[in-house]
Amino acid sequence: MRLRRYILLITIHTVFMGIVNAQCTMKNTAFKGGEKLTYNLYFNWKFVWVNAGTAAMTTTQTTYNGQQAYKASLTTTGNKRADNLFLMRDTLLSYVSTDLAPLYYRKGAVEGKRYTVDEVWYSYPNGKCNLRQQRRHKDGHKDVRNYVPNSCVYDMMSIFLRARSYDLGSWSVGRTVNFQIADGKNTNPATVKYCGKKTIKGDNGVKYNCLELSYTEKEKGKWREVARFFVTDDANHVPVRLDMNLKFGSAKAFITSMSGTRNDVKSVVK
């Protein structure tokens, strides 16, 4: 009798841990190693949109701590005209498993006179998400935090990669996904909401049928929209345009090229 009870408890525990792990993973249907996306950046300065530089996002298939993974990097490069208004250099790096569980995140940000490096290390002992967070400041001071949340946690890059594999075609307008978002110091509630369909023209001169997504975060008790994404209405869900509400203003990014996509780009308006 005791043996049966013990086996039953082990079985329940194993199934439960499988469910916990499954919550942090998701089938990737949208991208593959070798994808490269490039953008023009624009910054709103006193109600005037100024060409602020370029951005590039590349994804490669690699290994992280011995396991198969995707490495995604996003780099922004400002031009001299924009630098005279506001110096901004952001570099984001993310490793996720092939089933999209976050493994590591780094953001190096130069914003005016401010420079910080955020890092998040993820681990999943006993099926539980564990975070080690660190923010390094310009003067060398570090904020370090170890945190065990009650649910899965993502960062700006890993949630972006994950959202591309959402089955958006089955969503109704207003559908919202809730999750926790991490940076080098904090975790905050965040949402992705589906806002409908639009036709968007990229800076490559091509028009695309797109799906519109709103990304919001709750910080210090207040919700604010951080970004709005317009992704191709096909299996790739490539971002064609991004509208970003920054703490020091607003910015936009328009696609200039895409290569190495996983699926055929069927969203082009002919």
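How many bridges join strand E13 to strand E14? Keep that in mind while you get your bearings, because the tour comes back to it at the third stop.**Stop 1: the whole chain**

Start with everything shown as a cartoon. This is a predicted model, and its chain has three helices and 15 strands. Of its 270 residues, 45% count as buried. Contacts also reach along the chain: among those between residues at least 6 apart in sequence, 48% join residues at least 24 apart.

**Stop 2: the cores, Tyr 215 and Met 156**

Now select Tyr 39, Tyr 166, Phe 179, Tyr 215 and Phe 229. Within the largest nonpolar core, which has 55 residues, these five touch the most other members. A second, separate core has six residues, including Tyr 64, Ala 69, Leu 93 and Tyr 104.

Return to Tyr 215 and show what surrounds it. Leaving aside neighbours within four places in sequence, the contacts of Tyr 215 include Met 156, Phe 179, Ile 181, Ala 190, Thr 191 and Val 192. Further along the chain, Tyr 215 also meets Arg 224, Glu 225, Val 226, Ala 227 and Phe 229.

From Tyr 215, step across to Met 156. Is Met 156 buried, partly exposed or exposed? Met 156 is partly exposed, since its relative accessible area is 31%. You will find Met 156 in helix H3, which covers residues 156-163. Apart from residues up to four places away in sequence, Met 156 touches Leu 92, Tyr 105, Ile 181, Tyr 215 and Glu 217. For a distance to try in your viewer, pick the C-alpha atoms of Met 156 and Lys 107: they are 49 residues apart along the chain and separated by 9.4 Å.

**Stop 3: strands E13, E14 and E15**

Here is the reply to the opening question. Select residues 222-232 for E13 and 239-246 for E14: the two strands run antiparallel, and five bridges join them. To see residues facing each other across the pair, show Ala 227, which stands opposite Met 244 in E14. In a regular strand, side chains alternate between the two faces of the sheet.

Six residues lie between the strands in this hairpin. Pick His 237, found in the loop between E13 and E14. His 237 has a positive phi of about 50° although it is not a glycine. Is His 237 buried or exposed? At 8% relative accessibility, under the 20% cut-off, His 237 counts as buried.

Ala 235 is found in the loop between E13 and E14 as well. With a relative accessible area of 39%, Ala 235 is partly exposed. Which residues does Ala 235 touch, not counting those up to four places away in sequence? They are Thr 29, Ala 30 and Asn 263. You can also draw a line from Ala 235 to Thr 261: their C-alpha atoms are 9.7 Å apart in space, with the two positions 26 residues apart in sequence numbering.

Next, add residues 249-259, which make up strand E15. E14 and E15 run antiparallel and are joined by six bridges. Show Leu 246 together with Gly 249, its bridge partner in E15.

**Stop 4: the hairpin of E7 and E8**

Move to residues 130-137, strand E7, and residues 142-147, strand E8. These strands pair in the antiparallel sense over six bridges. One pair to display is Arg 135 with its bridge partner in E8, Asp 143. The hairpin has four residues between its strands, and Gly 140 in the turn has a positive phi of about 95°.

**Stop 5: the second largest pocket and Asn 65**

Finish by selecting Tyr 64, Asn 65, Gln 67, Ser 97, Asp 99, Ala 101, Leu 103, Tyr 122, Ser 123 and Tyr 124, which line the second largest pocket. How much space lies in this pocket? There is about 160 Å³. Colour the lining by residue type, and you should see five nonpolar residues, four polar and one charged. Tyr 64 is one to recognise, as a member of the second core.

Zoom in on Asn 65, in the loop between strand E2 (48-64) and strand E3 (67-78). Asn 65 has a positive phi of about 50° although it is not a glycine. Asn 65 counts as exposed, at 73% relative accessibility. As a last check, pick Asn 65 and Leu 103: their C-alpha atoms are separated by 9.4 Å, while the residues are 38 apart along the chain.

Conventions:
Residues are numbered from 1 along each chain as its sequence is written. This is a predicted model: local features need pLDDT of at least 70, side-chain atom pairs count only at pLDDT 80 or more; totals for chains, interfaces and linings use all residues. Side-chain values use heavy atoms; hydrogens and water are left out. A nonpolar core is a set of buried Ala, Val, Leu, Ile, Met, Phe, Trp, Tyr and Cys residues joined through side-chain atoms within 4.5 Å. Buried means under 20% relative accessible area, exposed over 50%, partly exposed in between (1.4 Å probe, protein chains only). Contact means heavy atoms within 4.5 Å. Two strands pair if DSSP finds at least two bridges between them. On a 1 Å grid over the protein atoms alone, a cavity is a set of points where a 1.4 Å probe fits but cannot get out, and a pocket is an open set with protein on both sides within 12 Å along at least five of seven lines; lining residues have an atom within 4 Å of a point. Grid points are joined across faces, edges and corners, and a volume is the space filled by probe spheres set on the points. Ala, Val, Leu, Ile, Met, Phe, Trp, Tyr, Cys and Pro count as nonpolar, Asp, Glu, Lys and Arg as charged, and the others, Gly among them, as polar.
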